[in-house]
Amino acid sequence: MTTMLIFLATLLGAIMLGIPVAFSLLICAVAMMFHLDLFDSQILAQQLVSGADSFSLMAIPFFILAGEIMNEGGLSKRIIDLPMKLVGHKRGGLGFVAIIAAMIMASLSGSAVADTAAVAAMLLPMMKTTGYPIDRSAGLIGTAGIIAPIIPPSIPFIVFGVASGVSISKLFLAGIFPGVLMGCCLGALWWWQAKRLNLMTFSKASKEELCLSFKDSIWALLLPVIIIGGFRSGIFTPTEAGAVAAFYALMISLFVYRELKISSLYKVILNAGKTTAVVMFLVASANVTGWLITVAELPQMMTELLEPLIDSPTLLLIVIMLVVFTIGMVMDLTPTVLILTPVLMPLVEEAGIDPVYFGVLFILNTSIGLITPPVGNVLNVITGVSKLPFDQSAKGILPYMLMMVVLLFVFIFFPSLILTPLAWLQP
C-alpha cells in the first residue's frame with residue numbers, strides 16, 4: 001500500500017506542479033526505485049530505451065506523417081467537400097458534414113486533436129456566418145473528433161496494443177463498428193437539435209457537381225480502403241500500413257492534386273517529427289514506470305482490492321470505467337493508457353473479459369476524456385479555433401459528451417455490439 005501511495009503522490013504531485021507528463025513519469029519512477037531500493041541509472045536508461053524500441057510503435061510516426069501530408073496536400077479539403085455536396089443542403093447540413101468529414105478523417109490519420117483542428121478550421125467559420133449556434137457547432141465538431149481514436153488507423157490502439165500485448169490488427173477491426181455507431185448517434189442527436197433551430201440551408205448540388213466532387217476526392221477516399229483491406233487480408237501489418245499510408249498520401253499530394261510543394265516537405269516532416277518525439281518520449285518514460293509497477297506488484301494489489309468483483313465481469317467493468325473516466329478528466333489520453341494498462345490488464349484477464357473488447361471500451365472512455373474539462377485536449381483545441389470562452393465551449397459539448405457516455409455503457413451491457421462485428425470482419 002505504501003508503494004501505491006508513493007506512486008500516486010509523486011506522479012499526481014509532479015503533474016499538478018505543471019511538470020510535463022513524460023518527466024512526471026520519470027520522477028515517479030525514480031521515487032519508486034529509491035523506495036524499493038532498486039535505484040540504478042543503468043536500469044533506468046535501459047528501460048527508457050527499450051520503451052521506444054518496438055516495431056509496432058513505428059506505425060505512430062508513419063501515421064502522424066500521413067496526417068501532416070494530407071492536411072498540407074489538399075486531401076483533407078476534398079474530404080470535406082464531398083459530404084458538403086451530399087448533405088449540405090439539408091436542415092443542419094453543415095453539422096452532418098462535420099460528422100461525416102470527421103469519420104472519414106478518422107480513417108486516415110487516427111489523431112483526434114489533428115482531425116478536430118482540421119475540420120473546425122474549415123467548417124466553423126462557415127457555420128458562424130450562416131447563423132449556426134457556435135457553441136453547439138463547436139461541441140458537435142469536438143465530439144466528432146474523438147471518433148478518430150476508435151476508427152482505424154488509431155494511434156491510441158497502437159499504444160494500447162504495445163502496452164498490453166493485444167493484437168493491434170484485432171483492435172483496429174474491433175473499432176470499425178463502434179466508430180461508425182458513434183457517428184450515427186451524433187447524427188441522430190444533431191438531427192433532433194437541428195429540426196428545432198431556424199438554420200440556413202444551401203442549394204442542393206446537381207448530379208454533375210456531385211460526380212465532380214466524388215471524382216476529385218476518390219484518391220483520398222481510397223486510402224482507408226487500402227489500409228483496412230491491407231491488414232485484414234494480411235498483406236501488411238499495422239506498422240507497414242502506416243508506411244503505405246504516408247507514401248500514398250505523399251504521391252497523391254505531389255503528383256495528383258499537386259498542392260504539396262517540394263519546398264513544403266521540410267515543414268511537414270519537421271511538424272511530424274516534433275509530434276512523434278513527444279509521443280515516443282512519453283511511451284519510453286511510461287515503460288520505466290510500467291516496469292516498476294510490475295516489480296512492485298501493484299497489479300496484484302489492484303486485483304486483491306477488486307477481487308470481490310472478479311466473478312461479476314459487468315460490475316467490474318463499470319467500476320473500472322468509472323475510475324478511468326475520473327482519471328481521464330485530469331490526464332491526457334496517452335499517459336492514461338500507458339499508466340493504467342499494466343495495472344488493469346491482469347485484472348481483466350483474471351475476470352475472463354475479452355482483452356480486445358476491453359481495449360475498445362478503454363480507448364473509448366479515455367477518448368471521452370479528451371472533451372471533458374478541465375484538461376481535455378480536444379475541448380481546448382475547439383475552444384481556441386471557435387474563439388469561445390472555455391465555459392461556453394464546455395456547455396456546448398456537454399449533450400454530445402453525455403451521448404458518448406451513454407454509448408459506452410451500452411457497449412458494457414451489450415458486448416456483442418463489439419464482438420459480433422469483430423467476428424464477421426476477422427479473416
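Is C185 buried or exposed? Select C185 to find out. This is a predicted model, and the tour starts at that cysteine. With a relative accessibility of 18%, C185 counts as buried, because the cut-off for buried is under 20%.

**Stop 1: two cysteines**

Keep C185 selected and add C184. C184 has a relative accessibility of 47%, so C184 counts as partly exposed. Now look for disulfides. The structure holds zero of them. C184 is in no disulfide, and its nearest cysteine sulfur, that of C185, is 7.0 Å away. C185 is likewise in no disulfide; the nearest cysteine sulfur to it belongs to C184, at 7.0 Å. A disulfide needs a pair of cysteine sulfur atoms within 2.5 Å, so 7.0 Å does not qualify.

**Stop 2: α10 against α20**

Select helix α10, residues 168–194, and helix α20, residues 416–425. Their axes come within 8 Å and cross at roughly 120°. That angle makes α10 oblique to α20. The crossing is right-handed as α10 passes α20.

Show the side chains next. From α10, pick K170, L173, A174, I176, F177 and P178. From α20, pick L417, I418, P421, L422 and L425. Together these residues make the contact. Colour them by class: ten are nonpolar, none is polar and one is charged.

**Stop 3: α8 against α10**

Stay with α10 and bring in α8, residues 134–145. How far apart are the axes of α8 and α10? They are 11 Å apart, and the helices pack at an angle of about 170°. That makes α8 roughly antiparallel to α10.

On the α8 side, select R136, L140, T143 and A144. On the α10 side, select L186, W190 and Q193. These residues make the contact. By class, the contact of α8 with α10 has four nonpolar residues, two polar and one charged.

**Stop 4: α8 against α19**

Keep α8 and switch partner to helix α19, residues 390–413. The two axes come within 7 Å and cross at roughly 45°. The helices are therefore oblique to each other. Here α8 passes α19 in a right-handed crossing.

Which residues of α8 meet α19? Select D135, R136, G139, L140, G142 and T143. Opposite them in α19, select Q392, G396, I397, Y400, M401 and M404. The class count for the contact of α8 with α19 is five nonpolar, five polar and two charged residues.

R136, L140 and T143 of α8 appear in the contact with α10 and also in the contact with α19. Leave those three highlighted for a moment and view each partner helix in turn.

**Stop 5: a cis bond between prolines**

Move to P152 and P153. A cis peptide bond joins them, with omega at about 5°. P153 lies in the loop between α8 and α9, the latter covering 155–164.

**Stop 6: positive phi in two loops**

Select R258, in the loop between α12 (238–256) and α13 (265–295). Phi of R258 is near 55°, a positive value in a residue other than glycine. R258 counts as exposed, because its relative accessibility is 60%.

Then select K387, in the loop between α18 (377–386) and α19. Phi of K387 is near 60°, a positive value, and K387 is not a glycine. K387 counts as exposed, at 69% relative accessibility.

**Stop 7: a buried isoleucine**

Go to I320 in helix α15, residues 313–328. Its relative accessibility is 2%, so I320 counts as buried. What does I320 touch, not counting residues up to four places away in sequence? Select L344, L347, V348 and F358. For a distance to draw, take P335: it sits 15 residues from I320 along the chain, and their C-alpha atoms are separated by 17 Å.

**Stop 8: a contact across the sequence**

Finish at F55, in the loop between α3 (41–52) and α4 (59–73). F55 is partly exposed, with a relative accessible area of 47%. Add T239, which is 184 residues from F55 along the chain. The C-alpha atoms of the two are separated by 7.2 Å. Leaving aside neighbours within four places in sequence, F55 is in contact with T237, T239 and E240.

Notes
Residues numbered from 1 in each chain as written. Predicted model: local features only at pLDDT ≥ 70, side-chain atom pairs only at ≥ 80, totals over all residues. Heavy atoms only, no water. Axes fitted to C-alpha atoms, helices over the stretch in contact; angles between N-to-C directions. Helix = DSSP H or I, 4+ residues; strand = E, 2+ residues; numbered from the N terminus. Parallel < 35°, antiparallel > 145°, perpendicular 65-115°, else oblique. Left-handed = near helix turned anticlockwise from the far one by under 90°. Contact = heavy atoms within 4.5 Å. Nonpolar A, V, L, I, M, F, W, Y, C, P; charged D, E, K, R; others polar. Buried < 20%, exposed > 50% of the residue type's maximum accessible area, 1.4 Å probe, protein only.
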